[in-house]
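Please open the model in a viewer and keep the selection tool at hand. The tour proceeds from the whole chain to a single strand and its neighbours.

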Amino acid sequence: MATMRVLVTGSTGLVGQAVQRVVSENPTEGEEWIFVSTKDADLTDFEATEALFQKHKPTHVIHLAAMVGGLFRNMKYPVDLLRNNLHINDNVLYNSHKFGVQKCVSCLSTCIFPDKTTYPIKETMLHLGPPHPSNFGFSFAKRMIDIENRAFNKQYGCKFTSVIPTNVFGPYDNFNLQDGHVMPGLINKIFIAKRDDTPFTVWGTGAARRQFIYSYDLAKLIVWVMREYEEIDPIILSVPEEAEISIKELAEMVIEAMEFTGEVLYDTTKSDGQLKKTADNAKLRGYLPDFKFTNMKQAVKETVDWFVNNQDIARK
Amino acid sequence: MKVLVTGGTGLIGKAIRHAVEENPCDGEEWVFVSSKEADLRDPKATKALFEKHRPTHVIHLAAEMGGMIRISQHNVEFLRNNLLINDNVLYNSHAMGVKKCMTALTSAIFPCEIQYPVDETNVHDGPPHDSVSGYAWAKRMVDVQNIAYNKQYGCKFTSVVPINLFGPYDNFSLKDGNVMPALIHKAYLAKKNGESLPVWGSGSARRQFMYSHDLGRLMVWAVKEYEETEPIILAVGEEDEISIKEAVELVVEAMDFQGEVAYDTTKSDGQFRKTCSNEKLRKYLPDFKFTPIKQALKETCDWLAENYEEARTESKP
């Protein structure tokens, strides 16, 4: 009988697949891992979520399920991104409390921090101002996870916490050009440009800067958080500040990994989104000073190779 | 025009009803509902309520409320229940094509660490006070939803921020009530029992107080004329801010209380000031006349004395 039953919501997504990989590479005695997705339950529905918890009776939860989207989707559908995520998160946290889950780890994002802020961003700054208008629906819904974590802990002693990754990328991402994030968007665009022998166009000026974390590294860290991190306060999971790169530098890395030799254009009529979101990973380094992130070029190559070799299943 | 007023039997609901009855307009129908008609935490019940009344406008006052102590002890419930209520009302307002939905927020939504006076642009500039956190965050999310619905669907959803109300039909509970109704109730009991009037704190904290009847008139104006998505603070001016000591003196006069007033300085004053700017309101209604506070207090004290048995004087368990 497993002593630890870990329910992972959103397990077929970018981060969920990476968690599956980490767990399968390092199986641990006494641990049972249950990976679920929308096929198993619509988490926007309270009864369906309750039934899922009733069925699996988890002792731990890694809550990755969310309605997500890139910049343009966020700008167009703020109600959906706000409401669906509020419902999903409330249903999961409430049922985690109801079923006596020992720890629930949810996933936030650096994009939810205040727009007007000093850099680098630290965990304590989460609620110090409104988020960027381009993704305020998603941002507020995610911020409410932290509010609920604190409320449940204060009133019931629940150990609900959260992680804050920076831009994640890897196999099983959403490579759709409208809905996906910047890295998979670039990969898919170059793939199409190569295939059709057309120029490759980057949206925006390329000046925006980001820290990218490989999903595999993030998954290792999330599993560590689930097992060892005892605070209710969130923890930023990111490469260090020095590893921040511009979208232009990123495009060049992907071009190299895909061996693209065609023309590269920048469509400056398109928004850059936030120009920077630099996050401080000092808290993480305090806990895990020796954690080694996968080399960026290698991670990009693995992601590109996955996309090229899995065209039939890749979300695009 | 058919206006559905949720939470219609509370302090603000009664004040709106009073304003509407003072000035009835042709072609307007006002429906005041309470939790007896529908549990707004329930999406199906809320939908049924909207389908029954088919409003063109909504004034959303319903909330799970309470004093500071109750909110801080039941933070989860205050957060979740109010999130549910507000989401259901806004969602159904959109689904039914309501032309305008106006929600009452609270001054508790403002950040606890901020420079005063605050105005409408400060709502999200920092976390609210810990003691009212659940309630405040749920109310803030109304503003977020208003912006989202306007952006995605063009809905005219907005909100008002009333400041430190008092009036007939208030919650006069000594434990849960706001400062002015609690003072009025204490003065009533002190007079009745021939005791001294106990006041918590030194009396030096300062507040802007507004008569609920004035708020009622302003909200009727706002639901018809206020077109912005951003909230509007509904308050008397900064110049009308008074100390708690001055408020006590006014209540003593209105109640005709002759006994002694005892300030318990071991009790906290709370925040020294929470001044809100009513500049936006003044731009829209430069000539609006607030009821003089002496008259407002007299009317409220008289109402409590006449309606003590029916008034909300007990705190909720």
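The stops below begin with the overall view of this predicted model.

**Whole chain.** Display chain A in full: 10 helices and 12 strands come into view. Its C-alpha atoms occupy a box of roughly 55 × 40 × 40 Å along the principal axes. For 316 residues, a compact globule would have a radius of gyration near 20 Å, and the 19 Å of chain A agrees with this. Of these 316 residues, 57% count as buried. Switch on the surface next; the accessible area of chain A is about 13,100 Å², with 51% of it belonging to carbon and sulfur atoms.

**Annotated region.** Select residues 6-233 of chain A, which an unreviewed UniProt entry lists as "domain: NAD-dependent epimerase/dehydratase". This stretch is 44% helix and 16% strand, and its end C-alpha atoms lie 21 Å apart.

**Strand β1(A).** Now select residues 4-9 of chain A. Is this strand buried or exposed? Because 6 of its 6 residues are buried, strand β1 of chain A is largely enclosed by the rest of the structure. In a regular strand, side chains alternate between the two faces of the sheet. Here A:M4, A:V6 and A:V8 are buried on one side, and A:R5, A:L7 and A:T9 are buried on the other.

**Neighbouring strands.** Add residues 31-35 of chain A, strand β2, which pairs with β1(A) in the parallel sense over 5 bridges. Within this pairing, A:L7 has A:I34 as its bridge partner. Follow the chain from β1(A) through helix α1 (residues 14-25) to β2(A): this β-α-β crossover is right-handed. Finally, select residues 60-63 of chain A, strand β3, which runs parallel to β1(A) and is joined to it by 4 bridges. There, A:H60 is the bridge partner of A:V6.

Conventions
Residues numbered from 1 in each chain as written. Chains lettered and ligands numbered in written order. Predicted model: local features only at pLDDT ≥ 70, side-chain atom pairs only at ≥ 80, totals over all residues. Heavy atoms only, no water. UniProt positions renumbered as here; feature names shortened; annotations may be inferred. Helix = DSSP H or I, 4+ residues; strand = E, 2+ residues; numbered from the N terminus. Buried < 20%, exposed > 50% of the residue type's maximum accessible area, 1.4 Å probe, protein only. Pairing = 2+ DSSP bridges. Right-handed = clockwise from strand over helix to strand, strands pointing away. Rg over C-alpha atoms; globule rule 2.2 N^0.38 Å. Areas by Shrake-Rupley, 256 points an atom, 1.4 Å probe, with all protein chains shown as cover.
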